[in-house]
Amino acid sequence: MAMSRELSDPELEAELEFKQEHGEDGVEEGDVFDAEKGPVSGMTSDRINRIRYKAKHRLNAALTSLTSTTGTNATTGPVSSAGGDGVKNDVIKVPAALKNDRRSRTKYGRGLPKKGGAGGKGVWGTVGVIESAVNEVDDDKNDPNFETYQDDGDIGSGGVRPPLTNEEFDRLINSILREYFEHGNTQEVSLLLSSLNIDVHKDKIATMAICLSLERHNPQRELVSLLTSDLFGSRILVRQDIVAGFDTLLDALPDLSLDTPDAAELLGQFMARAVADDCLAPRYVQAYSDRIAADPDNLDMKGLKRKSLQRATCLLGMRHGYTLLDNIWGVGGGQKKCQQLQKRIILLLKEYLSSHDAAEAERCVAELDVPHFHHEVVYQGIYMVLVEGKPTCSIKMADLLLALEASIITRDQVNKGFDRIYRDLVDLSVDIPKAYNIMEQFSDLCFEKGVITTTVANAMPERGRKRFFSEGDGGLFKYY
C-alpha cells in the first residue's frame, strides 16, 4: 500500500517529468518513471524521497500563496512540511488553475510562462506569429499546392488607345502647346502627352513647338527650349525624335522664312540651345554641314541651311558658350527686376525724344513683354515732360502715348500712370516748382488728343495759393 502510494504521488510524478525536461540534480536525462512499475534505471529510495521532499516544499509554498490571495483553503487535509515517509498517507488535491498553469515551477525566474507562452499541448506559437505564418503565401513553384494564378502578379484591364491620325495629332498638339504658352508648366504637358498614343508622331512635337515659337517672342522660345529639354529628360522624346524634328525644320526653312525673315538664325539658336541641354549631339551640326557641302544637287539654293548651321557653330564655339546659351533667349519680362525695366524704359523714351520715331518706340515697348508694367512707361514719359518743361517735348510725348494706346498699352494702364503722377505731384513740386502748371497743360493736351478721358482730366490736383494771416488760417496753403 505504501509502495503504491509512493509511486502514485502526483508531486513526485510532476517533479520527475520536470527533471526529465530540464535535467537538473538527481534525475538524469535517461531516467524514466512508470506509474505501475515505479522508477526505472535503478533510482534508489533516498533519491526518490529527496525529490518528493523538494516537490512538497514547492507545492506547499504555492498553496500558501494561493490561500493568501483567495482567502480559502486549497487543500482538504493538513499539508505537512516534513519530508520522508511521514507524509505518504496525506492526500493533496491540486487546484485545476494551479495544475494547468504554464508558469515555471522552479524557484528561479520571474514567474512568466515558459517559452513565452508558446509551449504546451495544443499551442503552436505565440499570439500573432502563427496567423501571419499560416496566411503567408508560398510562391514556391515546386510546391504541389502551388497555384498558377499566384504568379500572375497585378492583373489590370484597360482600354486600348488607337494611334492618332495626322489631323487629330495636329489639332491636339497645337491646342496643348498654345495652352502651354499661357501657363508654362512642362509637367502638365508631359502628363497630357503620356495619355495619348503618339508613338508614330513623336518627331513632330519639337517641329510644331519651334514653328509656333517663331511667330512669337523670346519668352515663348525660352519655354519651347525648356519643354524640349524636359520631354527628353522624361523619356517622352528620344534623341532620334529631336534629330528628325530639326531635319524637318531645316528642309522647311524656305517656307518658314516667308513668315519669319530671321527664321534661319533663330533655328540655329534653337540647335545650339538643344546641344547645350544635351538633347542634341554636338556632332549633329558638323555632320549636317558636311552633308550640305558634299551634296551634288545643291539643294540649299538660298543658303538658309548653311546660315542656320553657321549660327549654331558660332554660338557653340564661343568662350563659355554652353553657359551663355542658358540665357540665349534672354530673361522674360515678368522675371526681370523693376530697376532693370525702369532703365530700359527711360532709355527708349530718351531715344524717342531725340529721334521722334514712334514705330521704333512701339517695338521696344513690345519687346519688354511686361503688359502689367506699362503704366511705368506712362509715368516716366510724363516725368520727362515735367523735367524738360518745353512745349515740344509735351507734344512729342502726347503723340507717343496716343500711338502706344492705339496698339500696345491699354486704357487702364494709361489711367494708372496718370494717377501715379497726380499723387506724386506734391513731392515733385519740391524739385520742379512749375510741376503743377506743366502737368495741367499736359493733361489738357492729352485730353484734346484723346489719350485720357474726362474723369482723368478732372482728377488733376490744383495747388492752393498761400493765404494771408488776415484771412484767419495762419498763412496755410488752401487746396480746392
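Reader: Which residues of α19 meet which residues of α22?
Author: Happy to walk you through this predicted model. On the α19 side, the residues in contact are S394, I395, M397, A398, D399, L401 and L402. Their partners in α22 are F442, L445, C446 and K449.

Reader: How many nonpolar, polar and charged residues does the contact of α19 with α22 have?
Author: Sorting by class, start with the charged residues, of which there are two, and the polar class, which has one. The nonpolar count in this contact is eight.

Reader: What word describes how α19 and α22 lie to each other?
Author: Two packed helices are described by the angle between their axes and the distance between the axes. Here α19 spans residues 391–407 and α22 spans residues 435–449, with axes 10 Å apart and an angle of about 40°. Angles under 35 degrees count as roughly parallel, and 65 to 115 as roughly perpendicular. The angle for α19 and α22 fits neither range, so the pair is called oblique.

Reader: Is V243 buried, partly exposed or exposed?
Author: Let's look at helix α10, residues 239–251, where V243 lies. Buried means under 20% relative accessible area and exposed means over 50%. V243 has 24% relative accessibility, so V243 counts as partly exposed.

Reader: How far apart in space are V243 and L280, C-alpha to C-alpha?
Author: Leaving out residues up to four places away in sequence, V243 touches L280 and Y284. Along the sequence, V243 and L280 are 37 residues apart. In space, their C-alpha to C-alpha distance is 7.0 Å.

Note on methods: Residues numbered from 1 in each chain as written. Predicted model: local features only at pLDDT ≥ 70, side-chain atom pairs only at ≥ 80, totals over all residues. Heavy atoms only, no water. Helix = DSSP H or I, 4+ residues; strand = E, 2+ residues; numbered from the N terminus. Buried < 20%, exposed > 50% of the residue type's maximum accessible area, 1.4 Å probe, protein only. Contact = heavy atoms within 4.5 Å. Axes fitted to C-alpha atoms, helices over the stretch in contact; angles between N-to-C directions. Parallel < 35°, antiparallel > 145°, perpendicular 65-115°, else oblique. Nonpolar A, V, L, I, M, F, W, Y, C, P; charged D, E, K, R; others polar.
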